[in-house]
Amino acid sequence: MKRLTFLLVLIISTSVLVMGQFKLAKLPYKYNALEPYIDSTTMYIHYNFHHQGYATNLNKALEKYPELYKKDIAELLQNIKELPADIQTTVRNNGGGYYNHNLFWKMMAPAGTTKMSGKLEKKLIDNFGSVEAFKTEFEKAGMTRFGSGWAWLVKVPSGKLKISSTANQDSPINSDAEVKGKPVLTLDVWEHAYYLKYQNKRAAYVKAFWSVVNWDEVEKLIDN
Ligand code: MN3
């Protein structure tokens with residue numbers, strides 16, 4: 001009986017501890033759902049090792065400051081300079097990686113399951129002149145990012161849509177972002193996101209991305 005009580009206390013206290021930490025959002029589709037544009041092995045490794053790695057490193061860095069587990073990740077990233085100095089870089093890089101990938105998975109869907117609505121099309125035309133011009137500018141942001149980083153479509157505070165790119169795991173919510181605002185579409189252009197299938201051909205990966213964009217999610221993010 002004593003042993004059972006001990007075990008129960010152990011299980012409950014461990015789960016309370018784990019519950020407070022940052023966990024990956026569940027992948028909204030199967031690993032092979034974005035084939036052939038994004039292959040299943042890349043999805044599996046990207047989610048379970050890269051994304052999980054950022055979450056694990058973030059949680060480990062916050063061990064000294066467990067009250068921070070209760071904060072929203074976006075709030076931590078928006079206020080990095082107010083965090084203890086010894087964890088600022090880890091939160092920026094690993095917290096950024098944790099946050100960015102949670103967004104990225106949601107912004108994709110199996111090919112053919114969503115379609116750009118007339119309303120969204122009009123919004124893109126209003127902001128960029130044409131849907132083609134929007135796509136070209138977004139592709140360019142992904143292609144010209146030297147090294148590792150992300151391409152973004154951002155809703156800036158005035159309500160306008162802008163395209164940007166960030167290095168490493170930075171994002172438009174960082175207080176020092178060049179284009180600050182709400183991310184409404186993003187593409188991971190780290191080599192780990194495409195190398196197994198596309199090797200050095202980043203352009204082919206960036207173009208393939210259009211087949212798996214979740215346009216419903218993009219529209220929802222722009223509207224809310
Ligand atoms: Mn990645």
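These questions and answers concern aromatic pairs and a manganese site in a predicted model.

Q: Are the rings of Tyr194 and Tyr205 stacked, tilted or edge-to-face?
A: The search of the whole structure finds 17 aromatic pairs. In the pair of Tyr194 and Tyr205, the ring centres are 5.0 Å apart and the planes stand at 25 degrees. Planes under 30 degrees apart count as stacked, so this pair is stacked.

Q: Which parts of the chain does the pair of Tyr194 and Tyr205 link?
A: The two residues are 11 apart along the chain. Tyr194 is in the loop between β3 (182–188) and α7 (195–198), and Tyr205 is in helix α8 (residues 202–209).

Q: Is Tyr205 buried or exposed?
A: Residues under 20% relative accessible area count as buried. The relative accessible area of Tyr205 is 1%, so Tyr205 is buried.

Q: How are the rings of Phe209 and Trp210 arranged?
A: Both residues are buried. Their ring centres lie 5.9 Å apart, with the planes at 50 degrees. That angle is neither under 30 nor over 60 degrees, so the pair is tilted.

Q: Which protein residues are donors of the manganese ion?
A: Along the chain the donors follow the spacing H-x54-H-x86-D-x3-H. They lie 2.0 to 2.1 Å from the ion. The donors are His46 (NE2), His101 (NE2), Asp188 (OD) and His192 (NE2).

Q: Which helices hold His46 and His101?
A: Both His46 and His101 are buried. The pair ties together parts that are 55 residues apart in sequence, because His46 lies in helix α2 (residues 40–61) and His101 in helix α4 (residues 88–106).

Methods: Residues are numbered from 1 along each chain as its sequence is written. This is a predicted model: local features need pLDDT of at least 70, side-chain atom pairs count only at pLDDT 80 or more; totals for chains, interfaces and linings use all residues. Side-chain values use heavy atoms; hydrogens and water are left out. Rings of Phe, Tyr and Trp (its six-membered ring) pair if their centres lie within 6.5 Å; planes under 30 degrees apart count as stacked, over 60 as edge-to-face and the rest as tilted. Helices (H or I, at least four residues) and strands (E, at least two) are DSSP runs, numbered from the N terminus. Buried means under 20% relative accessible area, exposed over 50%, partly exposed in between (1.4 Å probe, protein chains only). Donors are N, O and S atoms within 2.8 Å of the metal (3.2 Å for Na, K and Ca); water is not among the atoms, so sites may look incomplete.
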